[in-house]
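Please look over the sequence and the structure shown here. The report that follows takes up a surface patch, a strand residue and an internal cavity in turn.

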Amino acid sequence: MKLFSFQFLSTLRLGVKSLLLHKLRSALTMLGIIFGVCSVIAMLAIGEGASYEAQESIKRLGSDNIILRSLKPPEDTRAQGAGGSGRPSAIEYGLTYDDGARVQSTIPGVRRVLPIRIIRENVRFAQNEVACQILGTLPLYSEMAGLDLPRGRFLTETDERNQANVCVLTVGLAQRLFPYQDPLSHSVKIDSFYYQVVGLVREKSQAEQRPQSGRMEGEPLDNNVYVPLSTARARFGEVLIRRSAGSFEMEQVELHQLTIQMEDTAAVESADPQIKALLNRFHSRNDYEVIVPLQLLRQAEETKRIFNIVLGSIAAISLLVGGIGIMNIMLATVTERTREIGVRRALGAKRKDITLQFLVETVVLSFGGGLIGVVVGVITPMVVSQLTTMKTIVTPWSVLLAFGISGAIGVIFGLYPAKSAAQLDPIEALRHE
Amino acid sequence: MATPEVIIQLVGIEKRYTLGEEVVVRALRGVDLSIYRGDYVAIMGPSGSGKSTMLNILGCLDRPTAGDYFLGGTNVAVMPDDDLSAARGKMIGFIFQSYNLIAQLTVIENIQVPLLYQGHDVRHFHDHCVRLASLVGLAQRLTHRPNQLSGGQQQRVAIARSLVNDPLMILADEPTGNLDSRTGLEVLDLIDKLNSEGKTIVLVTHDEKVAARAQRVIHMRDGQIEREVVNRVRQSPPPEPLPA
Ligand SMILES: Nc1ncnc2c1ncn2[C@@H]1O[C@H](COP(=O)(O)OP(=O)(O)O)[C@@H](O)[C@H]1O
Ligand SMILES: [Mg+2]
């Protein structure tokens, strides 16, 4: 065994020496493998990073949840609803308290239903005024959205029952409204009412900070105020006035979102069509959407799978090209060194010694290229992350995969040239010029 | 005085090359030859007479089509390829016309190559290899590469290499063919010296003067041994020549 390892080491040394005899040629040959391995790792890292972000934000919506959101129906339907009169009238659409109650009572497997009402208003304290998103909701919200509660408390059942004028602020908003004071000992003013600040929260992700994303462009994302649902209903009424670009429109929306939490993920699958069927009996217009995070997650996984296959194929092709490059060079090398092969055979080399010698050279090329490729491939995503906001994740398996393939390519593409070298007739080889 | 040992015996060696359907070249046509330990044999003959073919068979690089070849007591005529490789490595030392050193290796590494294929750990043989290098006068050039040496020096490295496994016989194919006359003489003197120390030498040459150094000169023609000339008597000749 010791003997073998010594012999192997000297074969290895010899291989490296032979490769160093043609430095540029060896380097260029390696380049194919380097690019191949580097592209496998870097592409998979970028893909992994992108899908990780997508999946995380979907997961935060809760895989047990089904989310219903009110949607403003398309223009033409609204025109009919407004009648012929020129006077602007409130557009009525969206989810209702009844919807929530019906889902809760008729759909099997429902654990709880969380209604959310969203009002856009300015919130004031002293001279400070910030445009906010006011969420009227139940105490349940804190648990279902997984809020962080660094200070104070969240809304309680008592607040809800009493229509209490209390509110909870996101930390970011609190900092903007109360640069110098302690928010917990003050009240904020919304419209013409004062609300006692009872707690500060931090949202888990940006996804929940904007249940109706895209409508508040240019506003900070974490300016949320939470008030009891009953309070929101009493203080703001059902008709909301939206001012936009000089004109204003009125809309009447009872609830903006219903988050339905199911007993388990299995219940999500069966409940999804049942909920749609139930709601469609009461909504003639297309004024709500159903978001099933579980399905989004599956789609994201499927997308990622396809993405990986495509990336994998591209990378495999580039590695294949690298392998062919190696084979090409090794065939040339064998021809060039035919006489050396003859000499070695005359000096006692068996066929398998010659095979091993050339195989070692190829494997040194491909593993060397693989190693450099791994280093470059791990650095590249880091640079990409630094230069862009893209998240990248280098997974250990992609490194192993790329490195393993590069080694395998060395063996596969080296075997033929090495075998053909070993098959040479010693006499012919010695006579070769 | 002890009877010199027969180390090589060719019995009815035939070599035929089949070129196409009906064309058969008979390169060797029934060659019988015995070589004794310590012999110095020169093979001469016109081009195409079968010298190279004979040398290839003697060197276990090729197998005869018919006949037996006993080398150190075993019949190598019927050996599989791997065993032939082993026999070459252990029992034969080659000196080629064009030196055939390995370009990427140093002088000492070139000398070590046959040891590697015998499965030896060359570190244990370092002193041995250095001794051989000084025997051929290259002790100061151990780390030089072939392209840094003259032709004569390269051929002397090849001679050191041929000795490293202490072979039964050294085969030299026109060893001075690529050298000028002065360095050629140096190389021949070295070969003479090896023979005087007991090495068995077989060399192929066109040059009468080279052949004159040998004990026995074998003239070949048309794949057969035409005649054998004995220049001088072996130091310890056999009492009776064996029947051919
Ligand atoms: N590989 C071969 N294929 C066919 N014929 C060969 C081959 N090698 C040698 N011969 C023929 O065998 C004969 C002897 O050749 P060779 O031993 O090379 O002669 P020498 O070395 O004495 O010039 C020649 O006629 C040659 O053409
Ligand atoms: Mg010849």
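## A nonpolar surface patch

L371(A) belongs to helix 13 (residues 351-387) of chain A, where helices are DSSP runs of H or I with at least four residues and strands are runs of E with at least two, numbered from the N terminus. Because its relative accessible area is 52%, L371(A) is exposed, the classes being buried under 20%, exposed over 50% and partly exposed in between, with a 1.4 Å probe and protein chains only.

Together with I372(A), V375(A), V376(A), I379(A), M382(A), V383(A) and L387(A), L371(A) forms a nonpolar surface patch with about 730 Å² of accessible area. Nonpolar patches join side chains within 5 Å, from residues with over 30% relative accessible area and no salt bridge, that is, no Lys or Arg side-chain nitrogen within 4 Å of a carboxyl oxygen of Asp or Glu.

## A strand residue

G152(A) is found in strand 5 (residues 148-152) of chain A and is partly exposed, at 49% relative accessible area. Its C-alpha atom is separated by 8.9 Å from that of V197(A), 45 residues apart along the chain.

## The second largest cavity

The second largest cavity, a set of points on a 1 Å grid where a 1.4 Å probe fits but cannot get out, has a volume of about 80 Å³. Among its 14 lining residues (an atom within 4 Å of a point), I92(B), G93(B), P114(B), R161(B) and S162(B) are the closest to its centre.

## Basis of the model

This is a predicted model, in which local features need pLDDT of at least 70 and side-chain atom pairs 80 or more, whereas totals for chains, interfaces and linings use all residues. Residues are numbered from 1 along each chain as written, chains are lettered from A and ligands numbered from 1 in the order written, and side-chain values use heavy atoms, without hydrogens and water.

Methods:
On a 1 Å grid over the protein atoms alone, a cavity is a set of points where a 1.4 Å probe fits but cannot get out, and a pocket is an open set with protein on both sides within 12 Å along at least five of seven lines; lining residues have an atom within 4 Å of a point. Grid points are joined across faces, edges and corners, and a volume is the space filled by probe spheres set on the points. Patches are made of residues with over 30% relative accessible area and no salt bridge: like charges are joined within 9 Å, nonpolar side chains (Val, Leu, Ile, Met, Phe, Trp, Tyr) within 5 Å. Accessible areas come from the Shrake-Rupley method with a 1.4 Å probe; for residues, only the protein chains shown count as cover.
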